[in-house]
Amino acid sequence: MEKLLLLPLALLFLQCNGSKSSQSANPQEQAGQANTQQEQVPIATAEQAQDQQAPIEQGIAGKVLWEAGNQMPSPDAPPSKGRGVQRTLYIYELTNSNQAKTTDGVFHTNIQTNLVTQVVTDANGNFAVSLKPGKYSLFSKEEKGMFANLFDGEMNIHPVEVQKGQVTNVEFLINYQASY
């Protein structure tokens with residue numbers, strides 16, 4: 001039994017020792033070998049690619065935050081700012097509350113305006129999307145429907161305006177599981 005355990009260790013030792021001897025070649029030989037070998041380009045994961053998004057010149061950029069649980073002020077605990085979360089944001093033409101069916105005040109279905117685009121945030125909730133100048137409504141996809149909890153004085157759902165040559169900064173808070 002002991003001989004069976006020693007055999008793999010001996011092979012490992014020989015392989016490690018052999019690779020060190022090939023590394024001891026002079027630097028000129030190593031440079032020549034590197035030039036003759038094809039370079040391997042690392043493949044970026046989807047998450048890494050999103051972290052390296054190109055900056056936009058016009059549109060919407062920001063962060064999607066998740067808040068849940070007890071958010072009541074307390075002298076023992078500082079207020080929570082939420083944490084960045086990966087979500088798909090749906091950007092519609094400006095949508096009024098009478099252009100969608102709303103349940104629980106924050107979940108929307110049957111949206112009657114046109115979907116302009118959608119964007120997936122990175123793991124930290126960051127996103128950026130190029131858009132033409134205009135007014136839009138933002139929604140995140142949740143289990144109960146499209147979530148948006150912000151309304152303006154005219155009952156437009158989570159309105160955002162993009163002006164020519166500008167990037168509008170947005171913080172999209174998902175807090176339907178939070179208590180205040």
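In this predicted model, strand 1 and strand 2 run antiparallel to each other and are joined by two bridges. Within this pairing, Trp 66 faces Arg 83 of strand 2. Strand 1, which covers residues 59-70, also pairs with strand 7, again in the antiparallel sense, and here the contact extends over five bridges. Two of the residue partnerships in this second pairing can be named: Ile 60 has Val 129 as its bridge partner in strand 7, and Gly 62 has Phe 127.

Strand 7 itself repays a closer look. In a regular strand, side chains alternate between the two faces of the sheet. Strand 7 (residues 126-130) shows this alternation: Phe 127 and Val 129 point to one face and are buried, whereas Asn 126, Ala 128 and Ser 130 point to the other face and are not buried. The two buried residues are met again in the pairing with strand 1, where Val 129 is the partner of Ile 60 and Phe 127 is the partner of Gly 62.

Turning to charged side chains, the structure holds one salt bridge. It is formed by the side chains of Arg 87 and Glu 142, with an N to O distance of 2.7 Å. Arg 87 sits in the loop between strand 2 (83-84) and strand 3 (88-93), while Glu 142 belongs to strand 8 (residues 134-142), so the pair ties together parts of the chain that are 55 residues apart in sequence. Both partners, Arg 87 and Glu 142, are buried.

Aromatic contacts come next. A pair of aromatic rings is described by the distance of the centres and the angle of the planes. The model contains three aromatic pairs. In one of them, the ring centres of Tyr 92 and Phe 139 are 5.4 Å apart and the planes stand at 85°; the pair is therefore edge-to-face, given that angles over 60 degrees fall in that class. This contact links distant parts of the chain, with Tyr 92 in strand 3 and Phe 139 in strand 8, 47 residues apart. Tyr 92 is buried, with a relative accessible area of 12%, and Phe 139 is buried at 0%.

Another edge-to-face pair is made by Phe 147 and Phe 172, at 6.3 Å centre to centre and with 80° between the planes. Here too, distant parts of the chain are linked: Phe 147 lies in strand 9 (residues 145-147) and Phe 172 in strand 11 (residues 167-179), 25 residues apart. Phe 147 is buried, with a relative accessible area of 0%, and Phe 172 is buried as well, at 1%. Ring pairs also bring in Phe 107, which forms a cluster with Phe 147 and Phe 172.

Finally, the backbone offers two points of interest. Most residues other than glycine have a negative phi. Asp 104, however, has a positive phi near 55°. Asp 104 is found in the loop between strand 4 (101-103) and strand 5 (107-109), and is exposed, with a relative accessible area of 61%. Asn 110 likewise has a positive phi, of about 55°, without being a glycine. Asn 110 lies in the loop between strand 5 and strand 6 (115-120). With a relative accessible area of 61%, Asn 110 counts as exposed.

Note on methods
Residues numbered from 1 in each chain as written. Predicted model: local features only at pLDDT ≥ 70, side-chain atom pairs only at ≥ 80, totals over all residues. Heavy atoms only, no water. Helix = DSSP H or I, 4+ residues; strand = E, 2+ residues; numbered from the N terminus. Buried < 20%, exposed > 50% of the residue type's maximum accessible area, 1.4 Å probe, protein only. Salt bridge = Lys/Arg side-chain N within 4 Å of Asp/Glu carboxyl O. Pairing = 2+ DSSP bridges. Phe/Tyr/Trp six-rings, centres within 6.5 Å; stacked < 30°, edge-to-face > 60°.
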